[in-house]
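This report concerns two helices of one protein chain and the way each is set in its surroundings. Please consult the sequence and the structure shown below.

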Amino acid sequence: MSTLRRSLVAAAALMAAGLSVPALASGDWPTVKPITLIVPFSAGGNVDTTARLIGQKLGERLKQPVVIDNVPGAGGVLGVSKAVKAPADGYTLLMGFDGPISIAQLVNSAVKYDAEKDLTPVGLVTIAPVVAVARPGLPAHNLNELIALVRSKPGSLTYATSGVGTMLHLAMEVLQERAKIKLVHVPYRGGAQITSDVMGGQVDIGMLTTTSATPMIQQKKLEGLGVTSAKRIDAIAGVPTFGETPELKGFDLNTWTGLFVPAKTPQAVVTRLATELDAVLKMPDVRKRLEDGGATPGTGTPASFTQFLKKEKVGYAQIVKSANIQAE
């Protein structure tokens, strides 16, 4: 009788006796059931798109289906909250990103989890800049013109992000602070909704990652005003960087996505996941899809990802304190 079959028979016997079932050994992983990948955003946004690509490839390599579970709300906090409470057995993964992982606790005392303690980093998946896009008909075609327009109509223009404390929000807060202007923040639940409402003219400016914004800019459905990276993005080379605007010289902020598991997940599972994720991110078709969307595929180990997270959080804390950002 195989190890897996013995484990299942033993578990069935315990259940019949009304006793709790212990977690199966990590050596059985991932043969027992499908893997759930929590996405703390609505379907259709950049985090969701990335998660579905990575989840499919991981499932093929692990020979076990990876099922996407979209849990939007509170800028990603609801999805992360669900992930930290999940069993640490390797069957729940999280496609985390900067906002709910590294920024939420800095801006909202109601956030009860501590990502550094409650999650284990597996690997960096993508790094991508933020793009400011304008609604059709807005009389501003770059950031210089936007800044002048806002100064002529202080407090009247609106901008959309995926929530308070997300990197999209922080990027605009830094822009406003540096340029000494003020726009009205309109938080949304995901990139797809932002795109729809900017295209429809419900909000003036949308803050999106390149993954969401690039296709819309290429198809001329939205106009890109600027990207937050230090260099222009090849896929949308006509969109200038924030740093090309005098008031924003040196501007360089990026979003990221990464794979996590609940804390105390067996080390053998974390190591296997990291190995498979690294292999997926080196696949030519995966790299092309990510790069075509303006993202840079991640590299490294759980240890290097952990160090990356610590460094990024220091920078976020400085922005939050300077802009006095708090949950609304």
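## The end of helix 12

In this predicted model, helix 12 is followed by Asn-324, whose phi is positive, near 55°.

## Length and faces of helix 12

Helix 12 comprises the 22 residues 302-323. At 1.5 Å a residue, a span of 32 Å is expected, and the end C-alpha atoms lie 31 Å apart, which agrees.

The buried residues of helix 12 are Phe-305, Leu-309, Lys-313, Tyr-316, Ile-319 and Val-320. Viewed down the axis of helix 12, these buried residues fall within an arc of 130°, so they line one face of the helix. In general, an α-helix has 3.6 residues a turn, so residues three or four places apart point the same way. The face of helix 12 turned away from the buried side carries exposed residues, namely Ala-303, Gln-307, Lys-311, Val-314, Gln-318 and Lys-321.

## What covers helix 12

The cover over the buried residues of helix 12 includes helix 4 (98-107), helix 5 (115-118) and helix 7 (167-179). Strand 4 (119-134) and strand 9 (254-262) also belong to this cover.

## Helix 7

Of the 13 residues of helix 7, 11 are buried, so this helix is largely enclosed by the rest of the structure. The buried set includes Met-167, His-169, Glu-173 and Gln-176, together with Leu-168, Leu-170, Val-174 and Leu-175; Ala-171, Met-172 and Ala-179 are also buried.

The expected span of helix 7 is 18 Å, and its end C-alpha atoms are 18 Å apart, which agrees. Helix 7 is followed by Lys-180, whose phi is positive, near 55°.

Definitions and conventions:
Residues numbered from 1 in each chain as written. Predicted model: local features only at pLDDT ≥ 70, side-chain atom pairs only at ≥ 80, totals over all residues. Heavy atoms only, no water. Helix = DSSP H or I, 4+ residues; strand = E, 2+ residues; numbered from the N terminus. Expected span 1.5 Å × (residues − 1). Buried < 20%, exposed > 50% of the residue type's maximum accessible area, 1.4 Å probe, protein only. Arc of directions from axis to C-beta. Contact = heavy atoms within 4.5 Å.
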